[in-house]
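Colleague: I have a chain in front of me and would like to go through its fold and a few of its residues with you. Could we take it question by question?

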Amino acid sequence: MMRERLQEFALQLHPDKTRLVEFGRSAADTRKRKGLGRPETFDFLALPISAANRRGRFQIHRNSRGNRRWAKLKETKVKLQRRMYHSILEQWK
């Protein structure tokens, strides 16, 4: 279905980069019954993944890419260090 939809716009899916990931309330239970372990995750921006809260109930958890998050934090740190000796008013701007 997805392939046909994309072909309408002259687009195609890359076979090595495309897969179905089980998601939702029953994903963990279904995979456990099949003996497959925890539901799969993937790195792409900050998409939601299945998770369990402290009571063990289903919840949607946003997992951002760690390397991008740390890069942004380092960039912010460098900018702040450059501005450290500027006046407070300049820092606010």
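Modeller: What follows is a short exchange on the chain and on two of its loop residues. This is a predicted model, in which local features need pLDDT of at least 70 and side-chain atom pairs count only at pLDDT 80 or more, while totals for chains, interfaces and linings use all residues. Residues are numbered from 1 along each chain as its sequence is written, and side-chain values use heavy atoms, with hydrogens and water left out.

Colleague: In what order do the elements of the chain run from the N terminus on?

Modeller: Helices (H or I, at least four residues) and strands (E, at least two) are taken as DSSP runs, numbered from the N terminus. The chain has 4 helices and 2 strands. From the N terminus on, their order is α-α-β-β-α-α.

Colleague: What percentage of the residues of the chain count as buried?

Modeller: A residue is buried under 20% relative accessible area, exposed over 50% and partly exposed in between, with a 1.4 Å probe and protein chains only. Of the 93 residues of the chain, the buried ones make up 6%.

Colleague: Is A10 buried or exposed?

Modeller: A10 sits in the loop between helix 1 (2-7) and helix 2 (27-34), and it has a positive phi of about 60 degrees although it is not a glycine. Most residues other than glycine have a negative phi. With a relative accessible area of 73%, A10 is exposed.

Colleague: What separates the C-alpha atoms of L20 and E40?

Modeller: L20 also belongs to the loop between helix 1 and helix 2, and at 83% relative accessibility L20 counts as exposed. L20 and E40 are 20 residues apart along the chain, and the separation of their C-alpha atoms is 9.6 Å.
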